[in-house]
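Here is a short report for a first look at this structure. It starts with the chain as a whole and ends with a single residue.

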Amino acid sequence: MNSPVLIRDTAGLLPVALSGERLADLQAYVLRNRFLPVPPSEDNFVGDGDYLAIGTEFLGHFIELGGLRAHEKVLDVGCGIGRMAVPLTQFLDQAKARYVGFDPASAGIQWCTRNISSVYPNFRFAHLDVANSLYNPEGYIRGNEVALPFASGAFDFAIMTSVITHLPADEIGPYFQEIARLLGKGGRLFVSAFVMVQDRNPDAKPRIDFKRAGEGPAWFADEKEPMMAVAFDDGFIESALQAAGFELAVKRLGHWRGGSNSLHYQDFFVALKTNAEVT
């Protein structure tokens, strides 16, 4: 028996810019575009799977679930080696939109600058020397002190895909607070995560076997390398978003835990910036 896909809509989002056949046509166009840059497999450190296909799938989620529009200013926290950015070059308006990506892995930033910014000048990438035991263990900035060099309200849409799946619990709130500062009122934050729900299907076979770390709220897949994959207690992410000045707009569970017909692997959150100032 499939477990239900949880959908919560507690805050209103603007109507989506593309959906149905028009969105599918855009995604098909991206996948057919043989001129788009794709890093060689030996340089791709952002996980298994088809680089362009995964990014194109997320482009659809950003538009359909997050309400991303072609003229908006996008902040990609943990942009890796541009897996989300490459498909976005085919949607964001080159004259009106702006994209900025940060990552602690300098090799990915160098590749993105050479292969994406050189063709799409409205796409910028920067190295953020923030410490992370998996991707940047010698980083200068502590993860719970992260600050980005932009004015408050500078962005409309923020992305954190497969980012908090590699962060300790005490860094989640500071990241959300900094992103809330950078989003204008009505801005959206798209987050992918692993959530340990209480009503999980007992017959399901999860793709990842998480074990609780101490008293929680974090769960680790690998005790020797805890940041390899991190899950959180159900409700922890919602509380951190609310404390940062967000209202939850969408929560959808993925099929990583098994026994689900969800169309995506990780769990998704879309949060709406509702306060003009973060307190």
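Among the contacts in the chain with a separation of 6 or more, 72% join residues 24 or more positions apart. The model is predicted.

**The chain**

Six helices and twelve strands make up the secondary structure listed for the chain. The radius of gyration is 18 Å, and the globule rule gives 19 Å for 279 residues. The two values are close, so the chain is as compact as a globular protein of that length. Of the 279 residues, 53% are buried.

The table gathers overall values for the chain.

| Property of the chain | Value |
|---|---|
| Span of the C-alpha trace along the principal axes | about 50 × 45 × 45 Å |
| Exposed area | about 13000 Å² |
| Share of the exposed area from carbon and sulfur atoms | 50% |
| Distance between the centres of the positive and negative sets of side chains | 5 Å |

Charge comes next. The chain carries 25 positive side chains and 33 negative ones.

**One residue: Thr 56**

Now for a single position. Thr 56 sits in helix H2, which covers residues 51-64. Is Thr 56 buried or exposed? Its relative accessibility is 2%. Buried means under 20%, so Thr 56 counts as buried.

Which residues does Thr 56 contact, leaving aside its neighbours within four places in sequence? There are contacts from Thr 56 to Gln 27, Val 30 and Leu 31. Pro 87 is also in contact with Thr 56.

Methods:
Residues are numbered from 1 along each chain as its sequence is written. This is a predicted model: local features need pLDDT of at least 70, side-chain atom pairs count only at pLDDT 80 or more; totals for chains, interfaces and linings use all residues. Side-chain values use heavy atoms; hydrogens and water are left out. Helices (H or I, at least four residues) and strands (E, at least two) are DSSP runs, numbered from the N terminus. Buried means under 20% relative accessible area, exposed over 50%, partly exposed in between (1.4 Å probe, protein chains only). Contact means heavy atoms within 4.5 Å. The radius of gyration is taken over C-alpha atoms; the globule rule is 2.2 Å times the number of residues to the power 0.38. Accessible areas come from the Shrake-Rupley method with a 1.4 Å probe; for residues, only the protein chains shown count as cover. Lys and Arg count as positive and Asp and Glu as negative; His and the chain ends are not counted. The place of a charge is taken as NZ of Lys, CZ of Arg, CG of Asp or CD of Glu.
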